[in-house]
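Q: I would like to learn how to read ring pairs and the contacts around them. Where do we start?

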Amino acid sequence: MDATHSSRIGRLINHSKSQYNLRTKLYEVDGKPHLGFVAARNINKGEELLYDYGERDPRTLRAMPWLKK
């Protein structure tokens with residue numbers, strides 16, 4: 001999904017494969033799946049929110065090398 005075309009606040013959370021402070025969790029609400037974020041550790045005030053986007057496809061990683069970090 002292109003985050004520039006979404007009104008979801010999750011589009012503002014950046015990627016880190018090793019320094020993430022959030023994890024995703026699947027919740028069911030009224031029988032529909034929803035993806036939420038939960039703290040992976042204590043998060044300091046003013047700290048950037050990060051989670052691992054989970055992309056592992058080699059072709060995508062070659063095209064978007066920042067996803068390796």
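A: We start with the rings. This is a predicted model. The count comes to two aromatic pairs.

Q: What geometry does the pair of phenylalanine 37 and tyrosine 51 have?
A: Read the angle between the planes; over 60 degrees counts as edge-to-face. Phenylalanine 37 and tyrosine 51 have 65° between the planes, so the pair is edge-to-face. Centre to centre, these rings are 4.8 Å apart.

Q: Which parts of the chain does this pair link?
A: Look at the elements that hold the rings. Phenylalanine 37 sits in strand β3 (residues 32-39), and tyrosine 51 in strand β4. The two are 14 residues apart, and their pair links distant parts of the chain.

Q: Is each of these rings buried or exposed, or in between?
A: Compare the relative accessible area with the cut-offs: buried is under 20%, exposed is over 50%. Tyrosine 51 has 17%, so tyrosine 51 is buried. Phenylalanine 37 has 31%, so phenylalanine 37 is partly exposed.

Q: What geometry does the pair of tyrosine 51 and tyrosine 53 have?
A: Use the angle again. Planes from 30 to 60 degrees apart count as tilted. Tyrosine 51 and tyrosine 53 have 55° between the planes, and their pair is tilted. The distance is 5.1 Å centre to centre.

Q: Which residues do the ring pairs link into a cluster?
A: Follow the shared ring. Phe37, Tyr51 and Tyr53 form the cluster.

Q: Where is tyrosine 53 found?
A: Tyrosine 53 lies in the loop between β4 (50-51) and α1 (58-63). Its relative accessibility is 38%, so tyrosine 53 counts as partly exposed.

Q: What does tyrosine 53 contact beyond its neighbours within four places in sequence?
A: Set those neighbours aside, then list what remains. Tyrosine 53 is in contact with Ile13, Asn14, His15 and Leu67. Its side chain reaches the backbone oxygen of isoleucine 13 at 3.0 Å. The C-alpha atoms of tyrosine 53 and isoleucine 13 are separated by 9.7 Å, with the two residues 40 apart along the chain.

Q: Which backbone atom does the side chain of histidine 15 reach?
A: Note which side donates the side chain and which the backbone. The side chain of histidine 15 reaches the backbone nitrogen of tyrosine 53 at 3.1 Å. Histidine 15 belongs to strand β1 (residues 14-15). With a relative accessible area of 15%, histidine 15 is buried.

Q: What else is histidine 15 in contact with?
A: Again, leave aside neighbours within four places in sequence. The contacts of histidine 15 include Leu50, Tyr51, Asp52, Trp66 and Lys69. Leu67 is another, and Leu67 also appears among the contacts of tyrosine 53.

Notes: Residues numbered from 1 in each chain as written. Predicted model: local features only at pLDDT ≥ 70, side-chain atom pairs only at ≥ 80, totals over all residues. Heavy atoms only, no water. Helix = DSSP H or I, 4+ residues; strand = E, 2+ residues; numbered from the N terminus. Buried < 20%, exposed > 50% of the residue type's maximum accessible area, 1.4 Å probe, protein only. Contact = heavy atoms within 4.5 Å. Polar contact = N/O pair within 3.5 Å; in protein donor to acceptor, adjacent residues only side chain to side chain. Phe/Tyr/Trp six-rings, centres within 6.5 Å; stacked < 30°, edge-to-face > 60°.
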